[in-house]
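This report describes one protein model, from its overall make-up down to two individual residues. Please look over the sequence and the structure before reading on.

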Amino acid sequence: MSGDEYVYDEASGEWIPAADAAAKADAGDTVEVRDSVGNLLQDGDQVTLIKDLTVKGAGQTLKRGTLIKSIRLTGDAQEIDCKYEGIKGLVLRAEFVRKR
């Protein structure tokens, strides 16, 4: 025996090398975050708002077309963490932004 370990992949119904199974499991943990038109978002991207949003607790409205720089993904498929002057801890839903 060559010492290679194989595990049964229930999704495909085949025996695959353990290293491939581990890589597949890691890829399954990543969450794809997409903007309002389907573009894939990543940490550091710039986005613009597609509608006016009232920010609860800040007493401020972010207008459509506002540029948000350097977003961070939160691990949730619909939420992105943002910085905007005067607002701490701003979290936006991905459905209200478009990648720039």
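The sections below cover the fold, the surface and charges, and two loop residues.

## Model and secondary structure

The model is predicted. The protein contains one helix and twelve strands. Read from the N terminus, the order of elements is β-β-α-β-β-β-β-β-β-β-β-β-β. The protein is more spread out than a compact globule, because its radius of gyration is 20 Å, well over the 13 Å that the globule rule gives for 100 residues.

The dimensions of the C-alpha trace can be set beside that value: along the principal axes of the protein, the trace spans about 65 × 25 × 20 Å. Among contacts between residues at least 6 apart in sequence, 45% join residues at least 24 apart.

## Burial, surface and charge

Of the 100 residues in the protein, 23% count as buried. The exposed area of the protein is about 7100 Å², and 46% of this area is supplied by carbon and sulfur atoms.

The protein carries 14 positive and 18 negative charges. The mean position of the positive charges and that of the negative charges are 17 Å apart.

## D45, between strands 4 and 5

D45 sits in the loop that links strand 4 (40-41) to strand 5 (47-49). With a relative accessible area of 13%, D45 falls under the 20% cut-off and therefore counts as buried.

The side chain of D45 reaches the backbone nitrogen of Q42, at 2.8 Å. Apart from neighbours within four places in sequence, the residues in contact with D45 are L40, I68, K69, S70, I71 and K99. One of these contacts, L40, belongs to strand 4 (40-41), which precedes the loop that holds D45.

## T66, between strands 7 and 8

T66 is also a loop residue, placed between strand 7 (60-62) and strand 8 (67-68). Its relative accessibility is 13%, which is under 20%, so T66 counts as buried.

A polar atom of the T66 side chain lies 2.5 Å from the backbone oxygen of K63. When residues up to four places away in sequence are not counted, T66 touches V47, T48, L49 and Y84. Among them, V47, T48 and L49 fall within strand 5 (47-49), the strand that follows the loop of D45.

Conventions: Residues are numbered from 1 along each chain as its sequence is written. This is a predicted model: local features need pLDDT of at least 70, side-chain atom pairs count only at pLDDT 80 or more; totals for chains, interfaces and linings use all residues. Side-chain values use heavy atoms; hydrogens and water are left out. Helices (H or I, at least four residues) and strands (E, at least two) are DSSP runs, numbered from the N terminus. The radius of gyration is taken over C-alpha atoms; the globule rule is 2.2 Å times the number of residues to the power 0.38. Buried means under 20% relative accessible area, exposed over 50%, partly exposed in between (1.4 Å probe, protein chains only). Contact means heavy atoms within 4.5 Å. Accessible areas come from the Shrake-Rupley method with a 1.4 Å probe; for residues, only the protein chains shown count as cover. Lys and Arg count as positive and Asp and Glu as negative; His and the chain ends are not counted. The place of a charge is taken as NZ of Lys, CZ of Arg, CG of Asp or CD of Glu. A polar contact is a pair of N or O atoms within 3.5 Å; within protein, one must be able to donate a hydrogen and the other to accept it, and residues adjacent in sequence count only if both atoms are side-chain atoms.
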